[in-house]
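Subject: Structure handover

Hello,

Here is the structure we talked about, with the sequence alongside. My notes on the sheet, one helix and the ligand site follow below.

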Amino acid sequence: MASTAFSNAEPRPLSLGVLALQGAFSEHQYSLATQPGPVYHLTAIQTVRTAAELATVDGLIIPGGESTTMALIAERSGLWEPLVEFTRTKPTWGTCAGMVLLAQTASGAKRGGQKLLGSMATHVQRNRFGSQLDSFEVELDAPCLAPFDRPATGEEGPLVDVIPFRAVFIRAPVVTEWDSVLVQVLAEIPPSASPSTVAEPVAVLQGLCLATAFHPELTQDHRWHQFFLSLVARQQTSLGPS
Ligand SMILES: NC(=O)CC[C@H](N)C(=O)O
């Protein structure tokens with residue numbers, strides 16, 4: 001075993017999954033495939049529809065779409081319990097409907113309640129900004145994206161201040177309550193764009209779980225994908241040699 005000492009310089013192969021039960025999964029696959037960030041040894045970007053597929057990935061994206069429909073399909077296909085287990089132990093990123101599913105509780109839920117994975121200590125309000133017709137874009141400050149500001153062209157140059165992220169909100173939730181010990185707020189909607197006129201969290205991180213209320217996969221700015229990949233890579237590194 002002489003040469004198996006793990007070095008941070010050796011990228012471990014990463015396999016990323018995108019939950020593909022419903023919603024904007026192919027857009028995430030495209031963003032992952034084209035993200036120009038630091039080079040990760042990304043061996044697979046695969047759709048996840050079964051527990052067997054979920055078992056093969058190092059990190060999972062739960063896309064935007066309809067959280068109630070995704071929960072229903074996951075239950076019917078025997079994927080619900082594996083998803084609960086995965087999202088509590090492995091890197092997971094929920095966008096929009098994914099943010100709703102990861103929450104512990106939600107208001108504006110379907111009559112009779114809706115099933116949530118409950119992997120983040122958050123309460124979300126669904127459809128905070130109204131219907132599809134009320135969709136909008138707004139610039140967010142997200143200091144966590146600073147490491148990914150520099151274009152991955154190999155160019156040297158001073159790091160600019162964090163470039164605002166132009167976020168697309170479509171029937172989006174916001175986090176209205178959270179456990180501030182466990183959950184880190186990464187970005188807030190500016191008060192001017194918020195119905196409550198106070199800044200409200202729209203990107204949060206709890207351990208290996210990331211949730212964004214907006215849709216980075218619908219933009220050409222792949223810094224959130226790079227941020228998530230860096231989480232997955234860090235988790236893989238901490239696991240030691242494969
Ligand atoms: N764009 C979206 O993902 C909308 C999410 C939807 N409002 C839900 O709660 O499932």
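Seven strands form an open sheet with mixed pairing, in the order β2-β1-β3-β4-β12-β11-β10. This is a predicted model, in which local features need pLDDT of at least 70, side-chain atom pairs count only at pLDDT 80 or more, and totals for chains, interfaces and linings use all residues. Residues are numbered from 1 along each chain as its sequence is written. Helices (H or I, at least four residues) and strands (E, at least two) are DSSP runs, numbered from the N terminus; two strands pair if DSSP finds at least two bridges between them.

β2 (41-48) and β10 (184-189) are at the edges with a single partner strand each, so one side of each has no neighbour in the sheet. From one strand to the next, the twist averages 20° (axes are lines fitted to C-alpha atoms, for helices over the stretch in contact; angles run from 0 to 180 degrees between N-to-C directions). β3 and β4 pair in the parallel sense over 3 bridges, and Ile62 stands opposite Gly94 in β4.

Helix α6 packs on this sheet, touching β1, β3, β4 and β12 (contact: C-beta atoms, placed from the backbone, within 7 Å). The direction of α6 makes about 125° with that of β1.

The ligand is surrounded by 4 nonpolar, 4 polar and 3 charged residues (nonpolar: Ala, Val, Leu, Ile, Met, Phe, Trp, Tyr, Cys and Pro; charged: Asp, Glu, Lys and Arg; polar: the others, Gly among them). Among them are Glu66, Cys96, Arg126 and Arg171 (near: C-beta atom, placed from the backbone, within 6 Å).

Regards

Methods. Contact = placed C-beta atoms within 7 Å.
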